[in-house]
Every structure is written in structure tokens, then in C-alpha cells.
Amino acid sequence: MSDAPSAWQGDLDRDDLNEDAVPADPLALFGHWYEAARGCGLKEPSAMTLATIDPDGRPSARIVLLKGFDADGFRFYTNYESRKGAALAVHPDAALVFWWEPIERQVRVTGTVHKLGPEDADAYFARRARISRIGAHASPQSEVIPGRAELDQRLSRAEAQFEGRDVPRPPHWGGYALVADSIEFWQARHGRLHDRLRYRRDNDAWALERLAP
């Protein structure tokens, strides 16, 4: 690994991220950027880093997939008994980061997370591939297991259990929504003098401010 400074200085150098041109609602801007990310050739533009606080106060981060967003929050699904689930049960404050390299854009979201209702979880779970639904029953997510053979055996038992019938959502699996109190949009510019606009919730409205890069 070299410690030489990166030669990258921002290839696109757009000047369209300015206070006078962006919408008043950050979700409108996020939707525009997300559609651009979907069209830029990324395999999984919905991938986002989810940062949480463990029960012992230590930070933890991992990649999860965005499954929808609106005024009610940024949605994702997981095992409630996983490490992230245990963290959110104690510390519901969390952060999301999206990085879309081909379009040189990043979005940072902070807010508070809550569980989605069982109806939402059931509806999404029913749309998953069958093997993914079976896997939700088979995997004790985040627990220590002896080896891969243990996981394969658990999967085989779950496949046998649900052979010839529908796979219901297990009670330990469901959805979350992060309700944002801050959304920051970052766009690369030449010379690393990047554009950063942050929307910050101010009661029922959004305050817009520019941050130095």
C-alpha cells in the first residue's frame, strides 16, 4: 500500500449543487440522485452503510440494502436478533451512508430508527426468493457457529421443514425505518473543494446549509 496522495481530484466537476437550485424537500433531491445512481451501471445502487451503536457503546457498521424511502423513513429489513437488531433495540439513533462512485456522489443520513409493522414485513418477505425466505429461518444471524457445515445442516433442515408449502416470515425477521433529522449531499469538485449541502430538520420544516469541504 502506498501513502502517496491520490491523483483523483474529482473528474466530473459539476456546479449544479447549489442552494438556489435544489428542492426544499431533501427527499426530492435524494430521489433524483438515486435514480441517477440506478442508471450509472452499479450492480447494487441501493447498498448503504448502516452505522449503529452497540449496547456497550461501541460503533458498528455494515452494508445493507435500501428497500424504499419516503417521508416515513429509509427502509431496510433484517433479523431482529442480529447484532444490528440488538444495537437498535438499545440505541435507536443510527446513520446511513450511500457512495456512488461513477457519479462521484455521497449521501449521509442521520436519524432515529423504529421497527416497521408486521404487515409491511410480511408483504416484503413474501416477495423474497424462496431460498432467501428459507435462509431467514436457517441462519442464527450474528451468532458464533462451529463452521460452514453447521449452516448447511441448518439450511437442509429448514428446506425439509418447508418442503411443498409456503415459507412464512419468522417472528425474529422484519423491517426498520430510519426517520432522518439530517441529510447531507456531497458532490465531488476539482481540487477537492467539494460541494456539501446539508438539510437539517427544524420542527416541521428543513433548514438548508452549506458545509465547507
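These numbered points walk through a predicted model of one protein chain.

1. Overall make-up. The chain has 213 residues, and 38% of them count as buried. Its secondary structure comes to 5 helices and 9 strands. Read from the N terminus, the elements go α-β-β-β-β-α-β-β-α-α-α-β-β-β. So much for the parts list; next comes the overall extent.

2. Extent and surface. The C-alpha trace spans about 60 × 50 × 40 Å along its principal axes. The accessible surface is about 12000 Å². Carbon and sulfur atoms account for 50% of that surface.

3. Contacts along the sequence. Take the contacts between residues at least 6 apart in sequence. Of these, 65% join residues at least 24 apart. Keep this figure in mind when you trace the strand pairs below.

4. Strand β7. Start with residues 173-187, which form β7. Is this strand mostly covered or mostly open? It is mostly covered, with 13 of its 15 residues buried.

5. Partners of β7. Which strands pair with β7? One is β4, residues 73-79, joined to β7 by 6 bridges in the antiparallel sense. Another is β6, residues 105-115, which is also antiparallel to β7 and pairs with it over 11 bridges. Strand β8, residues 195-202, runs antiparallel to β7 too, with 6 bridges between them.

6. Landmarks for the pairs. You can find each pairing by eye from one residue pair. For β4, look at N79, which stands opposite W173 of β7. For β6, look at G111, which faces A180 of β7 as its opposite residue. For β8, find R196, the bridge partner of W186.

7. The annotated C-terminal stretch. An unreviewed UniProt entry places the feature "domain: Pyridoxine 5'-phosphate oxidase dimerisation C-terminal" at residues 173-213. In the model, this stretch is 0% helix and 71% strand. Its end C-alpha atoms lie 39 Å apart. The label comes from the record; the strand content is computed from the model.

8. The largest nonpolar core. How many residues does it hold? It holds 31. Those with the most contacts inside it are F30, F74, F98, W100, V107, V109 and F185. Elements giving two or more residues to this core are α1 (26-38), β1 (47-53), β4, β5 (93-100), β6, β7 and β8. The largest share, 6 residues, comes from helix α1.

9. F98 and a second core. Leave out residues up to four places away in sequence, and F98 touches F30, S46, A47, M48, L66, F74, R105, Q106, V107 and V109. Apart from the largest core lies another, of 12 residues. Its members include Y77, L116, A138 and F162.

10. D195, a charged residue to check. This residue sits in strand β8. Why does D195 count as buried? Its relative accessible area is 7%, and buried means under 20%. The side chains of D195 and R210 are joined by a polar contact of 2.9 Å. Setting aside neighbours within four places in sequence, D195 is in contact with R14, L17, F185, W186, Q187, R189 and R210. Two of those names have come up before: F185 is among the residues with the most contacts inside the largest core, and W186 is the bridge partner of R196 in β8.

Technical notes: Residues are numbered from 1 along each chain as its sequence is written. This is a predicted model: local features need pLDDT of at least 70, side-chain atom pairs count only at pLDDT 80 or more; totals for chains, interfaces and linings use all residues. Side-chain values use heavy atoms; hydrogens and water are left out. Buried means under 20% relative accessible area, exposed over 50%, partly exposed in between (1.4 Å probe, protein chains only). Helices (H or I, at least four residues) and strands (E, at least two) are DSSP runs, numbered from the N terminus. Two strands pair if DSSP finds at least two bridges between them. UniProt positions are given in the numbering used here, feature names are shortened, and annotations may be inferred rather than shown by experiment. A nonpolar core is a set of buried Ala, Val, Leu, Ile, Met, Phe, Trp, Tyr and Cys residues joined through side-chain atoms within 4.5 Å. Contact means heavy atoms within 4.5 Å. Accessible areas come from the Shrake-Rupley method with a 1.4 Å probe; for residues, only the protein chains shown count as cover. A polar contact is a pair of N or O atoms within 3.5 Å; within protein, one must be able to donate a hydrogen and the other to accept it, and residues adjacent in sequence count only if both atoms are side-chain atoms.
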